[in-house]
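Hi,

Here is the structure I said I would pass on. Have a look first, and my notes are underneath.

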Amino acid sequence: MRPRILLYVLPIVLLMACRQEPAGLAVQDVGEGPRDHFSYANSGQFLTRHLELDLTVDFGRRALAGSVTHHMDCLVEEARVITLDSRGLQIERVQLAAAGGAAETLPFELAESDPVRGEALHIRLPSGTDCTPGLQLKIDYRTGPKASAIMWLPPELTAGGEHPFMFTQSQSIHARSWVPLQDTPAVRATYEAVIRTPPELLAVMSADNDAHTERDGIYQFLMPQPIPSYLLALAVGNLQFAAFGEDTGVYAEPEVLPAAAWEFADTQDMLDAAEAMYGPYQWGRYDLLILPPSFPYGGMENPRLSFITPSLLAGDRSLVSVIAHELAHSWSGNLVSNRTWRDIWLNEGTTSYLEARLMEVLYGKDRADEERLLTYQSLLEDLQIVPPEMQPLAPVFESGDPDEGQQGLEYAKGQMLLEHLEALFGRDVFDRYMAGYFDHFAFQAISTEQFLEYIDRRLLQPNPGVYSRQQLEDWLYQPGLPAAMTVPRSDNLEAAAGAAQAWASGELPVDKLSTKGWSPQAMVYFIKALPRDLARERLQELDRELGLSTSENAEIGRTWYIEVAKRRYLPAYPQMRAYLGRFGRTRLVEPVYRALTANGQDAELAREIFDLCKGSYHPLTIAAIEPLLAKIDDE
Ligand code: BES
Ligand code: ZN
């Protein structure tokens, strides 16, 4: 048995400003530290320490119904209004539990709705409330029909086709659409839950899942480590479990379980590798949950249970860097979290760096370097489209939607920063620094400025003359990339790009391409290196030889169909249509629709395919594609 350090660390008290004055209810502003512009909660006055959920999963009505009890500390004695985040919730009753006595019903009001932030829920405490021992606030509620965090799937959208399925996706600020709470990463709470489902289904959460629990439709959970609200997660379906190792395993529908158990069999080794580099895994078990194809992301790092797209099931373990990524979040993100959504690069950039390190330990430097170069290439593309004011790692980000801030630039730019530092300071020094960072800030949410102070004190100053604070600040606060950086290199990918050029120029016949030993990553790079002006017959020749339109690999498909749409390579349109209906992962489908709408002739077709497919897409995926099509409709 691996020694596990179970930490019941109390979250630090994070003081935040209250920004909303409800009509007729005065709220005192006690703010200090950065504001979260995407939360209404007055967590500088009242702080949730623990949540108790009791929810019934009603597939018929597509609603969760029940209650949440907040165990709160009062930070400001005279404060009398508790403000929580909510979106589209039907609040039925709010009660204050009295020590040993009857619960007292409290007045509440829902403020006007904002399309991104939802509605502030203001709850008024009786004037004589003794707050010193903390308070327990019970809210009876049900979720609305359009809860942005929840996807309800009819049986036909599952692998088995017989049972319904539901899952939540709380990041960034969707937790408020299924639980009224303080929906900011600055607040961490432990939780317990009772989830009631149809008896033949299994519920799993970002908590202490027991794979061998009796299937009776009543499932109990405890999450003893404090987590931010965006990591609260629930899924219900016809799920079974297979173990990888002592501490790791996978949940999936029985129809996909064997494939998932094979594809992700290295998960236990990844966990061991991560612990060796960055210190003990703090969360107990690490399991995966394979979602139906409409899951909108590649993965989501819900603690103890990463949610994973089935589009990774390539049959050759070539796409497992997403698993390395979600696992790495157990350190960067879940253990040390972003303080506000403007600091998200601390999660995603650091995690992308760790992901590459894990890939290197498990599969070698060549493979890791291939992925590093692809990341760098995507960064150069992003820099062409992300407006300059959103290009700093830590931009000013106070309005809009936290899901849409930097369009992914924070992943690659953050990774490149840490890779540059590793190259300058040396791997040993940098690894020790990183392990110390995770230890120092464990179970806290930090701002970019806290990161800056820490790295300055622990890495830059102790090693004078290597890198200045100003150079570091350029990454954090300036657009673009600094002139001096460590650019990834990959011999494999460079050879693939060379082959693309040689074939396109006629130097190399198609049957001499010798792509046999290539990784899918090399194939992706090859496709991207093809010159713009290739004749249709030449594409046909290539497609026939390399089987691009019949590839089962979702990343090759993505790259190929973007080119197919850009170049209007009509022979592959039937396969492109099929591809767009196979998975609803936004990364895979959105850029193909984008290319179709941008090629000058296929806007109508994009709309037609989208109308056929959207019944199987997640609301977040639909929201990402619809604006592309609407732009066309307007013209
Ligand atoms: N935490 C993210 C997913 C996310 C980001 C959800 C922002 C909501 C808002 C997750 O860890 C992630 O980054 N997933 C990537 C995979 C990755 C290997 C880049 C994805 O879904 O593609
Ligand atoms: Zn991530």
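Below is what came out of going through the model, from the overall fold down to single residues.

One thing up front: this is a predicted model, so please read everything here in that light.

**Overall fold**

The protein chain has 17 helices and 21 strands. Its C-alpha trace spans about 85 × 65 × 60 Å along the principal axes. For 635 residues, a compact globule would have a radius of gyration near 26 Å, and the protein chain comes out at 25 Å, so the two agree. Of those 635 residues, 61% count as buried. If you look at contacts with a sequence separation of 6 or more, 71% of them are between residues 24 or more positions apart. The exposed area of the protein chain is about 24,200 Å², with carbon and sulfur atoms supplying 51% of it.

The largest nonpolar core has 198 residues, and Trp178, Tyr437, Phe526 and Tyr593 have the most contacts inside it. Taking Tyr593 and skipping anything up to four places away in sequence, its partners are Leu580, Ala606, Ile609, Phe610, Cys613, Tyr617, Ile625 and Leu628.

**The zinc site**

Which residues hold the zinc ion (ligand 2)? Its protein donors are His325 and His329, each through NE2, and Glu348 through OE, lying 1.9 to 2.1 Å from the ion. The spacing of these donor residues in sequence is H-x3-H-x18-E. His325 sits in helix α3 (residues 321–328) and Glu348 in helix α4 (residues 345–363), so to speak a link between distant parts of the chain, 23 residues apart. Both His325 and Glu348 are buried.

**Helix α10**

Helix α10 covers residues 491–504, and its geometry checks out: at 1.5 Å a residue its 14 residues should span 20 Å, and the end C-alpha atoms are indeed 20 Å apart. Its buried residues are Leu493, Ala496, Ala497, Ala499, Ala500, Ala502, Trp503 and Ala504. Among the elements covering them are α5 (365–385), α11 (520–528) and α12 (536–546). Just after α10, Gly506 adopts a positive phi of about 90 degrees.

**Two residues to click on**

Ile173 lies in the loop between β10 (165–168) and β11 (188–196). Is Ile173 buried or exposed? Its relative accessibility is 2%, so Ile173 counts as buried. Apart from neighbours within four places in sequence, Ile173 is in contact with Phe38, Arg87, Val116, Arg117, Asp183, Trp341 and Pro402. If you want a long-range distance to check your numbering, Ile173 and Leu548 are 375 residues apart in sequence and 38 Å apart in space, C-alpha to C-alpha.

Leu222 belongs to strand β13 (residues 218–228). Here the relative accessibility is 39%, so Leu222 counts as partly exposed. Leaving out residues up to four places away in sequence, Leu222 touches Tyr191, Glu192, Ala207 and Asp208. Leu222 and Ala242 are 20 residues apart along the chain, and their C-alpha atoms are separated by 21 Å.

Cheers

Conventions
Residues are numbered from 1 along each chain as its sequence is written. Chains are lettered from A and ligands numbered from 1 in the order in which they are written. This is a predicted model: local features need pLDDT of at least 70, side-chain atom pairs count only at pLDDT 80 or more; totals for chains, interfaces and linings use all residues. Side-chain values use heavy atoms; hydrogens and water are left out. Helices (H or I, at least four residues) and strands (E, at least two) are DSSP runs, numbered from the N terminus. The expected span of a helix is 1.5 Å times one less than its number of residues. Buried means under 20% relative accessible area, exposed over 50%, partly exposed in between (1.4 Å probe, protein chains only). Contact means heavy atoms within 4.5 Å. A nonpolar core is a set of buried Ala, Val, Leu, Ile, Met, Phe, Trp, Tyr and Cys residues joined through side-chain atoms within 4.5 Å. The radius of gyration is taken over C-alpha atoms; the globule rule is 2.2 Å times the number of residues to the power 0.38. Accessible areas come from the Shrake-Rupley method with a 1.4 Å probe; for residues, only the protein chains shown count as cover. Donors are N, O and S atoms within 2.8 Å of the metal (3.2 Å for Na, K and Ca); water is not among the atoms, so sites may look incomplete.
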